[in-house]
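Q: Could you take a close look at one part of this model for me, the cysteines and the core around them? I'd like one connected walk-through rather than a list.

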Amino acid sequence: MPTNCAAAGCATTYNKHINISFHRFPLDPKRRKEWVRLVRRKNFVPGKHTFLCSKHFEASCFDLTGQTRRLKMDAVPTIFDFCTHIKSMKLKSRNLLKKNNSCTSTGPPNLKSNISSQQVLLEHSYAFRNPMEAKKRIIKLEKEIASLRRKMKTCLQKERRATRRWIKATCLVKNLEANNLLPKGTSEHILPTALSSLPLEDFKILEQNQQDKTLPVL
């Protein structure tokens with residue numbers, strides 16, 4: 001006979017005068033694993049006498065054709081109030097913290113303040129100890145950003161120069177091939193398939209565009 005519900009934060013207990021049914025965890029490993037995942041309890045392993053009450057199932061999960069309310073074969077628990085459970089856990093932790101503070105309040109004041117400072121540093125280890133340290137960190141990051149920008153600019157310049165050389169060389173090969181100074185099909189062996197089929201006029205336009213970009217602005 002079930003005594004209580006295994007869902008976190010659920011205080012429902014068995015009472016024959018209340019229209020609430022209790023349901024065992026399924027024996028099928030796949031369905032059982034899905035139920036455990038949905039319950040969201042840490043290191044939770046349901047036993048033979050572990051139950052969930054009907055509050056955690058939607059109405060469509062039940063088969064009401066018989067005299068007793070039964071779960072369908074594909075029913076899964078989807079109704080949980082995890083917020084209430086989290087609040088109760090926070091309340092317990094606060095009460096425990098107050099109890100610990102009351103136990104240590106009789107110690108020396110300096111020792112208590114030192115412990116508090118250490119706790120703050122441990123809990124907020126990502127924070128800076130003072131404004132000067134934060135300012136130094138900001139200046140260092142700004143220098144790193146400026147250095148990366150210079151490197152990126154240099155890489156873009158190298159890329160543009162390499163592109164111009166490549167277009168110029170390609171245009172030269174196409175010209176030599178058009179003037180029968182190179183065997184037909186040479187460009188097909190040198191250039192990728194997607195580019196070898198482009199006409200010479202397109203490469204001339206690309207070369208002209210690259211030259212226009214390098215002209216100084218008057």
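**Cysteines and core**

A: Bear in mind that this is a predicted model. Counting disulfides here gives 0. Take Cys5: the nearest cysteine sulfur belongs to Cys53 and sits 3.8 Å away, and Cys5 is in no disulfide. The cut-off for a disulfide is 2.5 Å between the sulfur atoms, so a distance of 3.8 Å doesn't make it. Cys5 is buried all the same, because its relative accessibility is 7%, and the limit for buried is under 20%. Cys155 is another story: with a relative accessible area of 51%, Cys155 is exposed.

Now for the core. The largest nonpolar core has 19 residues, and Cys5 is among those with the most contacts inside it, along with Leu52, Phe57 and Leu71. Helix α1 and strand β2 (51-53) each put at least two residues into this core. Follow Leu71 and, setting aside neighbours within four places in sequence, you find contacts with His23, Trp35, Phe57, Cys61 and Phe62.

Trp35 takes us to α1 (residues 29-39), where the buried residues are Trp35, Leu38 and Val39. They sit on the same side of the helix because their arc around the axis is only 105°. Turn to the face away from that buried side and you get the exposed residues Pro29, Lys30, Lys33 and Arg37. After α1 comes Arg40, which has a positive phi, near 60°.

Note on methods: Residues are numbered from 1 along each chain as its sequence is written. This is a predicted model: local features need pLDDT of at least 70, side-chain atom pairs count only at pLDDT 80 or more; totals for chains, interfaces and linings use all residues. Side-chain values use heavy atoms; hydrogens and water are left out. Buried means under 20% relative accessible area, exposed over 50%, partly exposed in between (1.4 Å probe, protein chains only). Helices (H or I, at least four residues) and strands (E, at least two) are DSSP runs, numbered from the N terminus. The arc is that of the directions from the helix axis to the C-beta atoms. A nonpolar core is a set of buried Ala, Val, Leu, Ile, Met, Phe, Trp, Tyr and Cys residues joined through side-chain atoms within 4.5 Å. Contact means heavy atoms within 4.5 Å.
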